[in-house]
Amino acid sequence: MESPTPGATHPALARPALRLSIVTETYPPEINGVANTLRQMVLGLSGRGHELLLIRPGQRLAAGEHPTPAAREEITAGLPLPGYTGLQLGLPAGRRIRRLWQQFRPHAAYIATEGPLGRSALQAARAGGIPALTGMHTNFDQYSRHYGIGPLSPLIRHYLRRFHNSSAGTLTPTREMADALLQQGFHHIHTWPRGVDAGLFDPQRRDPELRASWGAVATGPVVLYVGRIAPEKNVDLALRAYRAIAARLPDTRFVLVGDGPTRERLQQACPEAIFAGARIGADLARHYASGDLFLFPSLTETFGNVVLEAMASGLPVIAYDTAAAKELIADGENGRVSSPGDATGFVRQARELACDPAALRRLGAAARTTALQHAWPAVIARLETLFYDLANPTAETSNDENAN
């Protein structure tokens, strides 16, 4: 990618192009919502003419995979994250980051993760006078309850509050979470929602051959789950909902796309389910579009990108009324929501909707219409505005020109 000249105005911009540095401890080819969001951030901002420096730990690339070409990348050391096979925990790299930023001279930085790498980057930004936004992408204090360290939740929350309050502002994806953080003593919270590639996730990708391989027939729906198969995702409730549907419609098929530490247990508990493993790109989109009903039982999400992807694919979503579902789903119009923690209501709504083919089609079409209003370009434009407000590059550009 040809980098913009510092201070120059890109044809797509009315203001000077920015130099931005993004620091993250997760990034594709890792498969999770945060990694996908960061990839869209890099592609979207670089596509709008900004120069990006991406700092991240290295991930193992599978055959045929390539790093994102839209940014200069600096790879730092990392260690496997316990309990999350394939994810990296970035090690501190403050000295190296300071050297990189002395050369790159970013107008602003975005620090996406709160691990050792993110902490060292935030310290480097403060020392160098570089305004930095941070991102609240994961409910770590809630996740801790599912991994045997629940008593540490207050300490984790205290650390997160200190971390984010040391930045110029924190981005969070929903108004609900912004309000919760403010009540917990977090400052300078900005709501930055998530987007979806509605060209990729499209009902037109529905694949009869794929459905046939699942054993799908006209007399039973395909119930779909996409995401990490892990304790914090509450996949057992999706299994319970599927069984309630299958009790009414024996030809129902249950397809789970993803991987994780509880996959083996669930396969043993439900041998008739189809475990498709992790999927990406057009293959993932084909799996979405080939389903009929999407189950999202998680209560630990900051957003839940899969909700938007399912809706864009023309699927009605059954979810709790929180995170992305609270922002996007109008109950009975483009999906169904139940009160957080109401497992009985969740199962009942899944069963009722699955047994009503006309409602499945009607809500699925409305879900697609809703998703089309959340395309990534508009979401990236909002982020760009936040960076301009933070960086104010015009003054620096004027000073550079005066110096010449």
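How much of the chain do buried residues make up? They account for 54% of its 404 residues. Keep in mind as you scroll around that this is a predicted model.

**The overall picture**

There are 16 helices and 15 strands in the chain. If you take the contacts with a separation of 6 or more, 68% of them come from residues 24 or more positions apart. The accessible surface adds up to about 17,400 Å², and carbon and sulfur atoms hold 51% of that.

On confidence, the mean pLDDT is 89, with 86% of the residues reaching 70 or more. Residues 1-9 are another story, with pLDDT below 50, though this stretch has 19 contacts in the model beyond near neighbours in sequence. Residues 395-404 also stay under 50, and the model has 5 contacts for them beyond four places in sequence. Where pLDDT is low, the predicted coordinates should not be read in detail.

**Strand β10 and its partners**

Now for β10 (222-226). This strand is mostly covered, with 5 of its 5 residues buried. Both faces are covered: V222, L224 and V226 sit on one side, while V223 and Y225 sit on the other.

β10 runs parallel to β11, and 5 bridges join the two. One pair to pick out is V226, whose bridge partner in β11 is V257. Between these strands comes helix α8 (residues 235-248), and together β10, α8 and β11 form a right-handed β-α-β unit. β10 also pairs with β13, again in the parallel sense, over 2 bridges. Here L224 stands opposite F294 in β13.

**Helix α10**

Which residues of α10 are buried? The set is L284, A285, H287, Y288 and A289. Part of that pattern fits simple helix geometry: an α-helix has 3.6 residues a turn, so residues three or four places apart point the same way. The cover over the buried residues of α10 includes α7, β10, β11 (253-257), β12 (274-277), β13 and α11 (305-312). So what you saw for β10 connects straight to this helix, because β10 is part of that cover.

**Salt bridges**

A search of the whole structure turns up 16 salt bridges. Here are three of them, with the gap between the closest N and O atoms.

| Acid | Base | N to O distance |
|---|---|---|
| D292 | R206 | 2.7 Å |
| D259 | R263 | 3.8 Å |
| D331 | R336 | 2.7 Å |

What does the R206 and D292 pair tie together? R206 lies in the loop between β9 (189-191) and α7 (208-213), and D292 in the loop between α10 (281-289) and β13 (293-296), so the bridge links parts that are 86 residues apart in sequence. R206 is partly exposed at 36% relative accessible area, whereas D292 is buried at 17%.

The D259 and R263 pair has a similar split in exposure: D259 is partly exposed at 40%, while R263 counts as buried at 18% relative accessibility. Salt bridges that share partners also join D207, R279, D283 and R286 into one network. As for the third pair in the table, D331 is partly exposed, with a relative accessible area of 39%.

**Strands β14 and β15**

R336, the partner of D331 in that salt bridge, brings us to another strand pair. Strand β14 (residues 317-320) and strand β15 (residues 335-338) run parallel and pair over 4 bridges. Within the pair, R336 of β15 stands opposite I318. β14, helix α12 (residues 323-328) and β15 make up a right-handed β-α-β unit.

**Two more spots to look at**

G345 lies in helix α13 (residues 343-354). Buried or exposed? G345 is buried, with a relative accessible area of 0%. Its C-alpha atom is separated by 9.3 Å from that of Y320, a residue 25 positions away along the chain.

A381 sits in helix α15 (residues 376-391) and is partly exposed, with a relative accessible area of 23%. Where sequence separation is concerned, A381 and L45 are 336 residues apart along the chain, yet their C-alpha atoms are separated by 8.3 Å.

Technical notes:
Residues numbered from 1 in each chain as written. Predicted model: local features only at pLDDT ≥ 70, side-chain atom pairs only at ≥ 80, totals over all residues. Heavy atoms only, no water. Pairing = 2+ DSSP bridges. Right-handed = clockwise from strand over helix to strand, strands pointing away. Buried < 20%, exposed > 50% of the residue type's maximum accessible area, 1.4 Å probe, protein only. Contact = heavy atoms within 4.5 Å. Areas by Shrake-Rupley, 256 points an atom, 1.4 Å probe, with all protein chains shown as cover. Salt bridge = Lys/Arg side-chain N within 4 Å of Asp/Glu carboxyl O. pLDDT = per-residue confidence, 0-100.
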